[in-house]
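The exercises below are meant to be worked with the sequence and the model open side by side. Try each task before reading its solution.

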Amino acid sequence: MINRKIPANLLTQLWAALILLLVISGCSSSTSIQINSQFPKVLAEPKPIGAAILFNDNFINYSAQPTKNISIDIGAAQQQLFTNVFTGLFSHTQFIAPSEPVAQQVSLVITPSVHEVQISTPSDNYLNVFEVWIKYNLVIKTADGEALTNWFIAAYGKTPDSSAKSKSAAIENATITAIRDAGAKLMLDFYRIPAVYDWVSKQPPKEGSG
Amino acid sequence: MKILCNRHCIFALLLLLALGGCSATTTIDEYRPSAEPITLNSMEKIVLLGRRDAGHYETDIEFINCIRKQLNRADIEVLDQQTFIDGIYPWFEPRTAPRALPRLKRLLQQPLVKAEIDRQAVRYLVWLDGSTETQEKSGSISCAVGPGGGGCLGYAQWSKLSTYEGTIWDLQLLEEKGRLRVDSEGTSYLIGVVAPIPLLTPVKNDACTSMGTQLTSFFSPQ
C-alpha cells in the first residue's frame, strides 16, 4: 500500500478552489428557451388576392440571442403564426422556399425576416414585468419582382414575474405575447401600408369578390 | 384592584395585537344603472378578461381565476379567458382589444366576430383591471447559523395595496351594465424571535373575495 501525504495547506487551497468554482458556475447560468406554443387561427375574411410567402431557412430556424446568456428559439412558433395570419389575409396563399417557383394565381411575394429581438427583465427595468420586443421586416414585392415596400413591425410582449414559475417561463410567456402581437399588428395594418393600399386599389376587381 | 398577568398572558396579548394588525381594510364602490340583478339563462355565459394594455402591470391571471371560482360557486358559468381570446384572435390582444363601447360596437359589426361570440354563448364580458403592489417596507431581520445552532432576530413589515376595477359589458345589447371597484390595504409582519414568525395579511385574497361577492350580486342565474 502506498501512503501518500498531501500537505495540509495544499488541501485547504484545493477546497477553496473547488468552492470558488462552484460559486462562479452557479452565478453564470445560461438560459435556452424553445417556444412550442400553438397559435390560434385568425378570425377574418381574407381579401381576394393571391400571395406567396417566402419562408427562408433563417426565418424558420431563427434563434434569437438578446443577451449573452439567453437564447430564444422562435423559428417554428413564428412560422406557424405567420402562416395562420397570411391565410387570414389572402384568399390564396402559397408558402414556399426560396428555390420554389410561385404559382400563377400569386400577385404578391412577401418575405418575412427577424430584424432584432430585445428583452428586459425586472432587474433591468425596475418593474415587476419581463418584456420582449421583436422587430420584423416584411419585403413585399409583386409577382413580377417589382419592390412595393419594406415594412417593419415592432411587436411587444410582457408578462408579470409573479404569473410565471421561473425566469425562463416568464420570458417564454412574454415572447409568446410578442409573437401574438406581431400577428395582431399584421392583421390590423397590412392593408393600411400606403404602398400596399395603392397597389390593391389599382387591381382590377375579381369575379365574385363582391 | 390588582390585575395579574404572567408571561404567557403578555405573549398572548402581543400575539392578539399582531394578528389584529393582520387584517386588510377593504372598500368597495359600485355603480349599476338598475337595481334589478342581471338575469342569466342556462345557455348564457360570462367571460372575465384582464386588462393587459397598461405599461407597468398586467392584471394577473391568479386574481382572475380567483374571481372565476367565486362566480362558479354561485352557479354562474364563466368561459375561460384564453379560450375566448384564442377563438376571437386577434381582436382581443392588448393592441386590439376595445377599450370602450364604441370600439366594441364597431368590432361586432364584423359578421365573423359576432358569429364567434354567439357560438361561444358569451353574453356578458367583465373587464378586470388592476394590480397588487407593495407600498412600504421597513425594518430588518437577520438570521445566522453556527456550530451551536441558529436563529433569527429582528422585525420587518411591509404594506400592500390591491386596487381592481371591474366593468360589465352586455355583448348583445352593447351597453354597460355596471362598474365596481375594490381597494384593499393591509400590513404584513415578520418577527424574528429565534424562528421567523410571519404574520401575513391576505390583501389580494380579500380584494378577490370582496369583488367576487359583489360581482355575483350583479347576476341572477336561472
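**Exercise 1. The interface**

Task: In this predicted model, determine how many residues of chain B are in contact with chain A, and which elements of chain B give two or more residues to that side.

Solution: Begin with the count, which gives 18 residues of chain B in contact with 20 residues of chain A. Next, assign the residues on the chain B side to their elements, where α2 and α5 (111–119) of chain B are those that give two or more residues. Of the side of chain B that touches chain A, the largest share, three residues, comes from α5(B). Finally, sort this side by class, which yields nine nonpolar, two polar and seven charged residues.

**Exercise 2. A helix pair in chain B**

Task: Describe how helix α2 (residues 61–73) of chain B packs against helix α6 (residues 203–218) of chain B, and state which residues make the contact.

Solution: Take the geometry as the starting point: the axes of α2(B) and α6(B) are 9 Å apart, and the angle at which the two helices pack is about 40 degrees. Because of that angle, α2(B) is oblique to α6(B). The crossing in which α2(B) passes α6(B) is right-handed. Then list the residues: α2(B) contributes B:Phe63, B:Cys66, B:Ile67, B:Gln70 and B:Leu71, while α6(B) contributes B:Lys204, B:Cys208, B:Met211, B:Gly212, B:Thr213, B:Leu215 and B:Thr216. Sorted by class, this contact has seven nonpolar, four polar and one charged residues.

**Exercise 3. The partners of β5 in chain B**

Task: For strand β5 (residues 122–146) of chain B, work out whether its pairing with β3(B) is parallel or antiparallel, and do likewise for β6(B).

Solution: Strand β3 (residues 45–50) of chain B runs parallel to β5(B), and six bridges join them; here B:Val47 stands opposite B:Leu125 of β5(B). With strand β6 (residues 149–170) of chain B, by contrast, β5(B) pairs in the antiparallel sense over 22 bridges, and B:Ser131 has B:Thr163 of β6(B) as its bridge partner. The connection from β5(B) to β6(B) is a hairpin through two residues.

**Exercise 4. The open sheet of chain A**

Task: Give the strand order of the five-stranded open sheet in chain A, and explain why its edge strands each have one side without a neighbour.

Solution: The order is β5-β2-β6-β7-β8 (chain A), with mixed pairing. At the edges stand β5 (90–96) and β8 (147–160) of chain A, and because each has a single partner strand, one side of each is left without a neighbour in the sheet. From one strand to the next, the twist averages 25 degrees.

How values were computed: Residues are numbered from 1 along each chain as its sequence is written. Chains are lettered from A and ligands numbered from 1 in the order in which they are written. This is a predicted model: local features need pLDDT of at least 70, side-chain atom pairs count only at pLDDT 80 or more; totals for chains, interfaces and linings use all residues. Axes are lines fitted to C-alpha atoms, for helices over the stretch in contact, and angles run from 0 to 180 degrees between N-to-C directions. Helices (H or I, at least four residues) and strands (E, at least two) are DSSP runs, numbered from the N terminus. Angles under 35 degrees count as roughly parallel, over 145 as roughly antiparallel, 65 to 115 as roughly perpendicular and the rest as oblique. A crossing is left-handed if the near helix is turned anticlockwise from the far one by less than a right angle, and right-handed if clockwise. Two residues are in contact if their C-beta atoms, placed from the backbone, lie within 7 Å. Ala, Val, Leu, Ile, Met, Phe, Trp, Tyr, Cys and Pro count as nonpolar, Asp, Glu, Lys and Arg as charged, and the others, Gly among them, as polar. Two strands pair if DSSP finds at least two bridges between them.
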